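Welcome! Here is a short briefing to help you find your way around this structure. Take a look at the sequence and the model, then read on.

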Amino acid sequence: MPANKIKTRKTIGLKMTALFVLFALLFCLALSIFAYRASWDSYTDVYARNALEIAEMTASFVDGEQISSYLKTMKTDAYYDELQEKLNNIKRDLNLMYLYIFKPGDESYFTFIMEAKLDTDNPEMINELGEIYETYIIYDFFMQESVSAVPKELSRRGSVRKVILPDENYGHAVWAYAPIYSENGEITAMTGVEISLKSVEERQAAFFKTIIMLSIMITVILVIGMMFVTRRIISRPLRKLTNNALNFASGDRLLSFDCNIKTGDEMQTLSEAFGKMADDIKDYIENLAAITSEKERIGAELDIATRIQASLLPCIFPAFPEKEEIDIYASMFPAKEVGGDFYDFFFIDENTLAVVIADVSGKGVPAALFMVIAKTLIKNNAQLGKSPKEVFETVNSTLCENNHERMFVTAFMGYLDLKSGKFTYVNAGHNPPLVKKLGGEYRFIETKPSIILACFRGREYKEHEINFSAGDIIYLYTDGVTEAENVDGDLFSAPKLEKIVNKTTDCTMKELLEFVKQEVDICADGTEQADDITMLGLLYKGDDCHE
């Protein structure tokens, strides 16, 4: 655990420091480049102005009439030599790269009239009178500046060019030009000045190194400060918060969170939020423990209620092994721990079998309690010798008393006389049973049902009769069978139930009910059961079956 805490602290601190270092380096780099470019532009502007002043100064003392005659005669004189000496002195004194007088020609050439030269100059690089110099680069530069190279279109102030073109010998340079005028004001020639920027480059290199060193020093200072701030304001409180969070769920301090961070910023807010969350979790766990305990108690009680309910229903089969006239089987599958459906069968006298199936509204414990009451009332009244009609009328009146929850019961009850096969029944709003006559198919009983139980006091119930012959079957069920549905909402339905039971032949009542339940499960396809499923099957074998 401690290793994890240290790793978390170092990772956050290193990440924040690395990001800050990257930002500082980028900032210093941008600042250095900006300072370098600004100083470069400033220096080259000064050199360019100096070059223009030198060009204009040189042009001011040159005789335009005299200088133009040299290209016509291609001969020099004393003035030429004197002018040559002046140019040489200017070049030497002002440390110029080039100083010359030329006459622009077409768009590709200059014709040199004179060029300043020193003893240290390379003779091969010096242009003499009448030499033609190819000037594509110069004219291209003129065109970029939108200034024509034709002398008559140059201004009287001359022209300065901040050329950052490298010279083969001297490196970068600035160029400036000034016109030489004749007595009538025409431009007869031009002076050209080129000043090397080598000293500027050296100065810029030293300046850039200084800027870099200062940037490194500033970055180091900022990084140290950032590490201190990060550790004091972020890493240390975060480490404390992390340790308390880890201790909250482990060790001796389980569910204990005490993190007193007083930074006055978001870190303190986060710490307070964690503290509140920890208190809420503790309260939740305590409540959950109480709820879980209560739920376990209720679950245990419901489990007992399930067993009690199951014991209230006939569950031993064969139910009446001594009664060879019948084969009876029933089953119930509650949707919850306890259900509201019930079935029952019992003998009223030696030859009269009563069968009951019912469905109480709702599910769960309330329905189960109401089911016990209804089942007990029905059986007690039937064993008093009352007919199915009288049983339902009595039970209905009793259930209506104090029925504040307005619960109700759908029920079907029938008496089978084992001697005659007469089946007398009453339907209190229940699903119509399916009856199969020997050699025929299952068909729904089409008699109109009476009203449900426990809703309206004083209602009368109508009895109906069916004469059973040996081999006849009656199948009773609740709506949990026909209303079972799959994930798409498709119901099992009464027509499908009729079709399913007609697939069975020569089977016992247990086999019949198990087959129907299997088909219902296939239809549901894993969908959770929504209602109780209860079924009862009765086969009448006849009074003579035991002979």
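Which residues of strand S14 (residues 464–467) are on a covered face, and which are on an uncovered one? His464 and Ile466 make up the covered face of S14, while Glu465 and Asn467 lie on the uncovered face. In a regular strand, side chains alternate between the two faces of the sheet. Please keep in mind that this is a predicted model.

**Strand S14 and its partner**

- Strand S11 (residues 422–428) pairs with S14 through four bridges, in the antiparallel sense.
- One residue pair to look for is Lys422 and its bridge partner in S14, Asn467. Asn467 also belongs to the uncovered face of S14.

**The five-stranded sheet**

- Five strands, in the order S7-S16-S15-S12-S13, make an open sheet with antiparallel pairing.
- At the edges are strand S7 (326–333) and strand S13 (442–444), each of which pairs on one side only.
- From one strand to the next, the twist averages 15°.
- Within this sheet, strand S12 (residues 434–436) and strand S15 (residues 472–477) run antiparallel and are joined by three bridges.
- Lys436 has Ile473 of S15 standing opposite.

**Helices packed on that sheet**

- Helix H10 (residues 494–501) packs on the sheet and touches S12, S13 and S15. The direction of H10 makes about 155° with that of S13.
- Helix H11 (residues 509–524) packs on the sheet as well, touching S7, S13, S15 and strand S16 (533–540). Here the direction of H11 makes about 150° with that of S16.

**Strands S1 and S2**

- Strand S2 (residues 109–115) has seven residues, and five of them are buried, so S2 is largely enclosed by the rest of the structure.
- Strand S1 (residues 98–104) pairs with S2 over five bridges in the antiparallel sense.
- To find this pairing in the model, look for Tyr100, whose bridge partner in S2 is Glu115.

**A nonpolar patch on the surface**

- Phe23, Phe27, Leu31 and Phe34 form a nonpolar surface patch, and together they have about 480 Å² of accessible area.
- One of these residues, Phe34, is placed in helix H1 (residues 2–60).
- Is Phe34 buried or exposed? Phe34 has a relative accessible area of 59%, and because exposed means over 50%, Phe34 counts as exposed.

Key. Residues are numbered from 1 along each chain as its sequence is written. This is a predicted model: local features need pLDDT of at least 70, side-chain atom pairs count only at pLDDT 80 or more; totals for chains, interfaces and linings use all residues. Side-chain values use heavy atoms; hydrogens and water are left out. Patches are made of residues with over 30% relative accessible area and no salt bridge: like charges are joined within 9 Å, nonpolar side chains (Val, Leu, Ile, Met, Phe, Trp, Tyr) within 5 Å. Accessible areas come from the Shrake-Rupley method with a 1.4 Å probe; for residues, only the protein chains shown count as cover. A salt bridge is a side-chain nitrogen of Lys or Arg within 4 Å of a carboxyl oxygen of Asp or Glu. Helices (H or I, at least four residues) and strands (E, at least two) are DSSP runs, numbered from the N terminus. Buried means under 20% relative accessible area, exposed over 50%, partly exposed in between (1.4 Å probe, protein chains only). Two strands pair if DSSP finds at least two bridges between them. Axes are lines fitted to C-alpha atoms, for helices over the stretch in contact, and angles run from 0 to 180 degrees between N-to-C directions. Contact means heavy atoms within 4.5 Å.
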